[in-house]
Amino acid sequence: MRLSERVSRISVSPTTAVMQAAVKLQASGVDVVDFGAGEPDFSTPENIKDAAIEAIHRNFTKYTPTGGIRELKEAIVERHARDFGSAYSAEECLVTVGGKQAIFEAAAALVNHRDEVILPIPYWVSFIDIANYSGGKVVPVETRESEGFALRAEAVEKLISPKTRLLVVNSPNNPTGAVIPPEEMTKLLSLAERHGFVLLSDECYCHFLYDGRPRFSLGSSKNRDNLLIVGSLSKTYAMTGWRVGYALGSAALLGAMLKLQSHSTSNPTSISQKAAVEALRGPQDSIARMLAEYDRRRQRIVAGLRAIPGVHCGMPEGAFYVYPNVGQILEAMGVEDSTLLAGRLIDEARVALVPGPAFGTREHVRISYATSQDRIDEGLRRLSTFISKLSPAYAQAR
Ligand SMILES: Cc1ncc(COP(=O)(O)O)c(C=O)c1O
């Protein structure tokens, strides 16, 4: 069958592919340590589930307005104001089917063929495919591993051209856990204003910050004309399957995104919207509990990885991923990038993780520590044993 050129520019999300491979093995009885999944292993809090059940009993099961119910838009902007000091109105909010839909629609609404989309490396897998699908030309901006992969406005500025339409940032970052300092974020927004492009700030992990780092959102800025915030309830409230996200931005841009939504998914699920209202307005203590547990796991996995010869691992500042450098191991294997290593790890050591090329770097792997401490310990044991067998040098160093 002849498929469109447009769809041939993209591939199935590599993280989804890893997840599916792990699930398939698990279904056939194989014990896989799954470091691939980018989702909390916690259950959705009871009060949120109850709100959904009540919505069903009350027959809140019909179409809703395409851009979400008013009650939810108000709950989103209120919560954002409380958490970040922003001042959005409900008219500046669009509810979407996960944050992913907001990003997809924003790219489709803003980017013309060959317009430039500036994208920091390492990037979340969907950013690049969404930009490519929209017809844009991705302009990668390097970050430095020695600086914890934090994006600098200076590096972005050098890449701006008259064709720049969009800059996509994600802090805390998937896959590195890097956090862009507030002053750099502010500089990035100034660049967007000066050069007339849109800064899309993906705040999907905004509540998962370690070591007492304060929460920050560009949404609290005075001038927000060139800003689009994308948020999600998926990670914050352990609600990945409910598919609720949102965008905060100018009415003109949200109107264009709404048009796309009206012809694709229509509204986000009515039941999930009621659950989301409860998530945002109900008790927030589950977030602190999850964060404390993620922090324990972060310490454990970083210490464990650092003890494996050939693995170099920085300390992530947010989110729930580590992005260790395995360049020395690749050298010992005689391979260019971590794809083969990830393949062998799942086949031979039964450890699932995502190879760096999915995020735009050659010599890293992404490990999600959204899994129990026991599984983390087991995964570390398997990684260590596998790597020690690869090369006598690593065996000796142990
Ligand atoms: C950086 C980033 N943005 C957005 C999303 C999308 O989340 P959702 O569509 O579940 O809201 C994810 C999911 O993994 C992510 O990692």
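**Cysteines, odd backbone spots and a small sheet**

Start with cysteine 204: its sulfur sits 8.1 Å from the closest cysteine sulfur, which belongs to cysteine 206, and that is too far for a bond. Keep in mind that you're looking at a predicted model. Besides the cysteines, there are two cis peptide bonds to look at, before proline 122 and before proline 172, plus a couple of positive phi angles, at arginine 114 and alanine 319. An open sheet of 3 strands rounds off the tour.

**Cysteines**
- A disulfide is a covalent bond linking the sulfur atoms of two cysteines.
- How many disulfides does a search of the whole structure find? The count comes to 0.
- Seen from the other side, cysteine 206 has its closest cysteine sulfur in cysteine 204, at 8.1 Å, so the gap is too far for a bond; the cut-off for a disulfide is within 2.5 Å.
- Cysteine 204 is buried, at 12% relative accessible area, and cysteine 206 is buried too, at 8%.

**Cis peptide bonds**
- As background, most peptide bonds are trans.
- Isoleucine 121 and proline 122 are joined by a cis bond, with omega at about -5°.
- To find proline 122, go to the loop that runs between strand E3 (116-121) and helix H6 (125-133).
- Serine 171 and proline 172 are also linked in cis, again with omega at about -5°.
- Proline 172 belongs to the loop between strand E5 (164-170) and helix H8 (182-195).

**Positive phi angles**
- Most residues other than glycine have a negative phi.
- Arginine 114 isn't a glycine, yet its phi is positive, near 70°.
- You'll find arginine 114 in the loop between helix H5 (98-110) and E3.
- Is arginine 114 buried, partly exposed or exposed? With a relative accessible area of 43%, arginine 114 is partly exposed.
- Alanine 319 also has a positive phi, about 60°, without being a glycine.
- Alanine 319 lies in the loop between helix H11 (285-306) and strand E9 (321-322).
- Alanine 319 counts as buried because its relative accessibility is 0%, and the limit for buried is under 20%.

**The open sheet**
- The strands line up in the order E9-E12-E11, with antiparallel pairing.
- Which are the edge strands? They are E9 and E11 (354-355), each pairing on one side only.
- E11 is joined by 2 bridges to E12 (residues 365-368), and the two run antiparallel.
- Proline 355 has valine 365, in E12, as its bridge partner.

Notes: Residues are numbered from 1 along each chain as its sequence is written. This is a predicted model: local features need pLDDT of at least 70, side-chain atom pairs count only at pLDDT 80 or more; totals for chains, interfaces and linings use all residues. Side-chain values use heavy atoms; hydrogens and water are left out. Helices (H or I, at least four residues) and strands (E, at least two) are DSSP runs, numbered from the N terminus. Buried means under 20% relative accessible area, exposed over 50%, partly exposed in between (1.4 Å probe, protein chains only). Two strands pair if DSSP finds at least two bridges between them.
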